[in-house]
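Reader: I am new to this structure and would like a close look at a single part of it, with enough of its surroundings to find my way. Please take it slowly and explain each term when it comes up.

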Amino acid sequence: MVSIEQAQQTILEYITPLETEKVSVLQGLNRVTPEDHIAPWDIPAADNSAMDGFAFSHATLTSNRLRMTGFLPAGEVRTIPVPPGEAVRIMTGAPVPPDCDTVVPIEDVKEYGEWICLTSSVKAGSHIRKQGEDIRHGNVVIPAGTLLRPQEIGMLSAMGTTSLAVYRRARVAILATGDELLEPGATPAPGKIINSNSYSLAAQVLDAGGDPVLLGIAPDTLDATCEKIKSGLNADILVITGGVSVGDRDFVKMAIEQLGGNVTFWKVNMKPGKPLAFAILDGKPVFALPGNPVAAMVSFELFVRPSLLKAMGHLRIFRSKVKALLQEPVTNKGKRPHLVRGIVTVHEGRYLVSTTGNQSSGRLSSLIQGNGLIKLAPEALHTPGDEVEVLLLDRWFELGCVGDVIA
Ligand code: AMP
Ligand code: MG
């Protein structure tokens with residue numbers, strides 16, 4: 001049996017980034033750029049006013065009175081120097097005129113006709129945004145490998161970018177296997193169950209920024225399984241669920257081999273899950289995950305998601321791991337590490353975690369309430385207050401946005 005980490009490492013060695021494509025700057029959101037983005041100019045382009053107020057030369061101030069000379073709205077430039085003892089009415093964002101180095105805000109002056117009076121002392125250089133204080137011409141502002149968030153989109157736009165290269169979205173073909181499966185919407189029938197895996201996995205693909213392609217259901221025969229697998233080989237990655245154990249009707253491994261794939265088959269030392277086949281077939285990574293709904297999703301989380309992110313150029317491909325305080329006694333009676341579905345909350349700056357109850361690996365509801373996976377060592381015996389390692393699955397946690405929900 002291999003460890004989760006060993007399996008991850010071996011798989012990731014086979015995954016290389018896909019090609020890039022040119023998209024509009026807005027379509028770059030949540031994508032990764034393969035290029036350094038270098039500032040084409042200083043931002044701000046010139047010293048400018050941070051407030052609506054009056055600009056003047058601080059060094060030439062002889063009293064708290066200044067004579068008003070002219071008006072400078074944002075978008076306009078004044079090239080005429082401002083004489084000593086005079087001030088220009090200036091709006092936020094307007095470039096500071098020649099010979100001025102200080103802005104006093106409107107609320108700190110009293111106006112008397114063409115004169116203003118400073119009502120409190122003003123520090124030299126106040127309320128001026130310096131040229132290049134945001135970004136400097138020639139500096140790498142967004143390095144290659146950056147995941148583009150709204151703030152990066154804003155910065156790219158400020159640098160005049162209208163389109164850019166990003167790694168393309170991986171197309172992930174998803175195949176369910178099993179004679180017992182019916183598609184959602186079909187009339188339930190004795191002995192049949194609904195194919196939910198295709199949809200939970202497709203949603204996981206979408207959530208990671210990939211493009212799922214549903215291949216439907218392969219019945220439990222070698223030929224049908226081969227046919228369906230072949231139909232998925234124009235995608236970038238193929239994910240199959242079910243049929244990967246060693247039962248009489250488990251044809252997935254055999255089918256991949258028959259099609260010429262070299263299959264690495266592991267029993268991964270984990271629960272839920274365990275059987276996992278990984279192959280390269282026609283140059284494409286193929287993941288065969290367990291059929292059990294929880295095991296399928298947890299295996300996707302641990303093995304497919306990091307691969308998908310790597311293929312799409314991400315440098316950060318693993319979820320955040322945190323230490324959390326257990327809120328209830330928890331034991332792992334088994335000999336495999338158990339990934340227990342947990343509910344993580346934050347209280348006074350500390351992560352707390354409780355389990356989602358019955359951890360039967362067929363119970364999809366054990367994932368519904370949860371937002372984390374608690375990693376329990378074999379034969380672990382924990383009491384409340386023990387610190388345990390938790391993988392945060394909820395993207396809001398990743399972003400550090402752990403807030404209250406509305407009533
Ligand atoms: P298998 O690995 O093919 O033996 O599947 C294990 C169990 O997982 C089956 O008995 C089904 O209950 C369940 N299962 C397999 N495939 C799916 C699927 N696509 N959707 C929901 N449950 C599934
Ligand atoms: Mg099956």
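Author: A residue is called buried when its relative accessible area is under 20%, exposed when it is over 50%, and partly exposed in between, with a 1.4 Å probe and only the protein chains considered. This is a predicted model, in which local features need pLDDT of at least 70 and side-chain atom pairs count only at pLDDT 80 or more, while totals for chains, interfaces and linings use all residues. Residues are numbered from 1 along each chain as its sequence is written, chains are lettered from A and ligands numbered from 1 in the order in which they are written, and side-chain values use heavy atoms, with hydrogens and water left out.

With a relative accessible area of 17%, Thr69 is buried. Thr69 belongs to strand S5, residues 65-72, where strands (E, at least two residues) and helices (H or I, at least four) are DSSP runs numbered from the N terminus. Contact means heavy atoms within 4.5 Å, and, with residues up to four places away in sequence not counted, Thr69 touches Arg78, Val82, Glu86, Ala87 and Val88.

To set this in the whole, the protein has eight helices and 27 strands. Its radius of gyration, taken over C-alpha atoms, is 30 Å, well over the 22 Å that the globule rule (2.2 Å times the number of residues to the power 0.38) gives for 407 residues, so the protein is more spread out than a compact globule. The C-alpha trace spans about 95 × 50 × 40 Å along its principal axes. Of the 407 residues, 47% count as buried, and among contacts with a separation of 6 or more, 70% are between residues 24 or more positions apart.

The part I would look at closely is the largest nonpolar core, a nonpolar core being a set of buried Ala, Val, Leu, Ile, Met, Phe, Trp, Tyr and Cys residues joined through side-chain atoms within 4.5 Å. This core has 40 residues, and Val268, Phe287, Phe303 and Leu308 have the most contacts inside it. At least two of its residues come from each of helix H1 (4-13), strand S13 (171-177), helix H3 (197-207), strand S17 (237-241), strand S19 (275-281), strand S20 (284-289) and helix H6 (293-311). H6 gives the most to this core, with 10 residues.

Within H3, the buried residues are Asn197, Ser198, Ser200, Leu201, Ala202, Gln204 and Val205, and their cover includes S13, strand S16 (211-218), S17, S20 and H6. Just after H3, Gly209 takes a positive phi of about 95°.

S20 also holds Pro285, which counts as buried at 9% relative accessibility. Beyond residues up to four places away in sequence, Pro285 touches Ile15, Asp236, Ile237, Leu238, Phe278, Ala279 and Ile280. Pro285 and Glu111, 174 residues apart along the chain, have C-alpha atoms separated by 73 Å.

Ala158, in helix H2 (residues 150-158), is partly exposed, with a relative accessible area of 37%. Leaving aside neighbours within four places in sequence, Ala158 is in contact with Trp41 and Ile43, and its C-alpha is 9.2 Å from that of Ala39, although the two are 119 residues apart in sequence.
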